[in-house]
Each structure stands twice: as C-alpha cells, then as structure tokens.
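Student: I've got this model open and I'd like a close look at a single part. Could you pick the helix that sits between the two strands and walk me through it and its surroundings?

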Amino acid sequence: MARWDIAIIGTGPAGVSAALTAKNRNKSILLLGSGEMSEKVAKAHEIRNYPGLPFVKGADMAAGL
C-alpha cells in the first residue's frame with residue numbers, strides 16, 4: 001500500500017499552491033482532483049501572489065508538479 005505525507009483535495013489555485021509548497025519541502029503528495037489542472041491555474045497569464053515567486057505563468061505553475 002502506497003503512503004503519502006500529505007493528501008490535497010482539489011486542483012484549483014489553493015490545491016496547486018499547497019502541492020507546490022509540499023514538494024518544495026520534499027514531501028510526497030497525493031493530489032485528488034480532476035486529471036487536468038484547474039483551468040483557473042493553467043489559463044492564468046501570470047500569477048503574482050504566490051509566496052516566494054516574483055511572478056509565474058499559470059501553465060508553468062501547473063507543470064511544476
């Protein structure tokens with residue numbers, strides 16, 4: 001049986017943000033949501049309010065997982 005450090009429900013902006021933070025802290029994650037990243041994240045031209053990043057394109061943020 002597989003085990004994860006953190007389970008995250010949702011692939012919207014909050015879920016993706018939580019997943020990226022967990023990965024940056026070397027945690028294994030189980031991300032529960034649609035097979036595709038939320039369109040809200042992937043279609044964003046740029047995201048300016050993610051902690052630690054000056055700005056990032058939504059597609060780049062979705063690909064970071």
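Tutor: What follows goes from the chain as a whole to that helix, then to the strands around it and a residue further on.

Keep in mind that this is a predicted model. The chain holds 3 helices and 2 strands, and read from the N terminus the order is β-α-β-α-α. So much for the layout; the helix you asked about is α1, spanning residues 13-24.

Start with its length. α1 is 12 residues long, and the distance from its first C-alpha to its last is 16 Å, close to the 16 Å expected at 1.5 Å a residue. Now for its buried residues: they are Gly15, Val16, Ala19, Leu20 and Ala22. Looking down the axis of α1, you find these buried residues within an arc of 160 degrees, so they line one face of the helix. Ala14 and Asn24 are on the other side of α1, and both are exposed. The cut-offs behind those words are under 20% relative accessible area for buried and over 50% for exposed. After α1 comes asparagine 26, which has a positive phi, near 60 degrees.

Next, the strands. Together with β1 and β2, helix α1 makes a right-handed β-α-β unit. Strand β1 covers residues 6-9 and strand β2 covers residues 29-32; the two run parallel and are joined by 4 bridges. If you want a place to click, isoleucine 6 stands opposite isoleucine 29 in β2. As a general point, side chains in a regular strand alternate between the two faces of the sheet.

Further along the chain, have a look at methionine 61. This residue is found in helix α3, residues 58-63. Methionine 61 counts as buried because its relative accessibility is 7%, and the cut-off for that label is under 20%. Its C-alpha atom is separated by 9.3 Å from that of glutamate 46, a residue 15 positions away along the chain.

Finally, some totals to put α1 in context. Of the 65 residues in the chain, 25% are buried; Val16 and Leu20 of α1 are among the buried ones. The accessible surface of the chain comes to about 4,800 Å², and carbon and sulfur atoms account for 54% of that. As for contacts in the chain with a separation of 6 or more, 38% are between residues 24 or more positions apart.

Technical notes:
Residues numbered from 1 in each chain as written. Predicted model: local features only at pLDDT ≥ 70, side-chain atom pairs only at ≥ 80, totals over all residues. Heavy atoms only, no water. Buried < 20%, exposed > 50% of the residue type's maximum accessible area, 1.4 Å probe, protein only. Contact = heavy atoms within 4.5 Å. Areas by Shrake-Rupley, 256 points an atom, 1.4 Å probe, with all protein chains shown as cover. Pairing = 2+ DSSP bridges. Right-handed = clockwise from strand over helix to strand, strands pointing away. Expected span 1.5 Å × (residues − 1). Arc of directions from axis to C-beta.
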